[in-house]
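Thanks for sharing this one. Here are a few notes to read alongside the structure, starting from a single loop residue and working outwards.

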Amino acid sequence: VSPTETSVDTHGATVGVQRKDGSSLYGGMDTSTPRPTYSVGGSTGGDVSFSAGAESDGKDRHGVKAGVQIKY
């Protein structure tokens, strides 16, 4: 067998953990751009879940995000 193309091409990864109550934490890095972007965040568990996170390339790009998820 002689492969002729790339079947999987990854540029960084995001890893996290989710607890039994539904809360979670994550962190990751995206290397698909000339300057890597780093991200970190988490969320609470329960019927009303709050999430927050941040991302930055260490210089030009900085961002924050937040949200609310309501289970019904």
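1. Let me begin with S23, which sits in the loop between β1 and β2. Please keep in mind throughout that this is a predicted model. Is S23 buried or exposed? With a relative accessible area of 8%, S23 is buried, because the cut-off for that class is under 20%.

2. What surrounds S23 is worth a look. Its side chain makes a polar contact with the side chain of D21, at 2.7 Å. Setting aside neighbours within four places in sequence, S23 is in contact with V17, Q18, S43, T44 and G45.

3. The loop itself belongs to a hairpin: β1 and β2 are joined with five residues between them. In that turn, G22 has a positive phi of about 95°. The two strands, β1 and β2 (residues 24-30), are antiparallel and share seven bridges. As a landmark on this pairing, you can find G12 opposite D30 in β2.

4. The next step along the chain is again a hairpin, formed by β2 and β3 with six residues between them. Seven bridges hold this pair in the register shown, in the antiparallel sense. M29 faces Y38 of β3 across the pairing.

5. Moving on to β3 (residues 37-43) and β4 (residues 48-56), these strands run antiparallel and are joined by six bridges. Here S39 stands opposite E55 in β4.

6. Put together, the pairings give an open sheet of five strands in the order β1-β2-β3-β4-β5, with antiparallel pairing. Which strands stand at the edges? They are β1 (12-18) and β5 (62-70); each has a single partner strand, so one side of each lacks a neighbour in the sheet. Ignoring direction, neighbouring strands are turned by 10° against each other on average.

7. A second residue I would point you to is H11, in the segment before β1. H11 is partly exposed, and its relative accessible area is 39%. Beyond neighbours within four places in sequence, H11 is in contact with M29, D30, T31 and S32. Between H11 and M29 the C-alpha to C-alpha distance is 8.3 Å, for a separation of 18 residues in sequence. M29 is also the residue that stands opposite Y38 in β3, and D30 the one opposite G12.

8. Now for the protein as a whole. It has zero helices and five strands, so the pattern read along the sequence is simply β-β-β-β-β. The radius of gyration is 16 Å, well over the 11 Å that the globule rule gives for 72 residues, so the protein is more spread out than a compact globule. Its C-alpha atoms fill a box of roughly 50 × 40 × 20 Å along the principal axes.

9. How much of the protein is buried? Buried residues account for 14% of the 72 residues, and S23 is one of the buried residues. The protein exposes about 5800 Å², of which carbon and sulfur atoms supply 56%.

10. Finally, a word on contact range. Taking contacts between residues at least 6 apart in sequence, 9% join residues at least 24 apart. It may help to view that figure beside the strand order β1-β2-β3-β4-β5 in the sheet.

Technical notes: Residues numbered from 1 in each chain as written. Predicted model: local features only at pLDDT ≥ 70, side-chain atom pairs only at ≥ 80, totals over all residues. Heavy atoms only, no water. Pairing = 2+ DSSP bridges. Helix = DSSP H or I, 4+ residues; strand = E, 2+ residues; numbered from the N terminus. Axes fitted to C-alpha atoms, helices over the stretch in contact; angles between N-to-C directions. Rg over C-alpha atoms; globule rule 2.2 N^0.38 Å. Buried < 20%, exposed > 50% of the residue type's maximum accessible area, 1.4 Å probe, protein only. Contact = heavy atoms within 4.5 Å. Areas by Shrake-Rupley, 256 points an atom, 1.4 Å probe, with all protein chains shown as cover. Polar contact = N/O pair within 3.5 Å; in protein donor to acceptor, adjacent residues only side chain to side chain.
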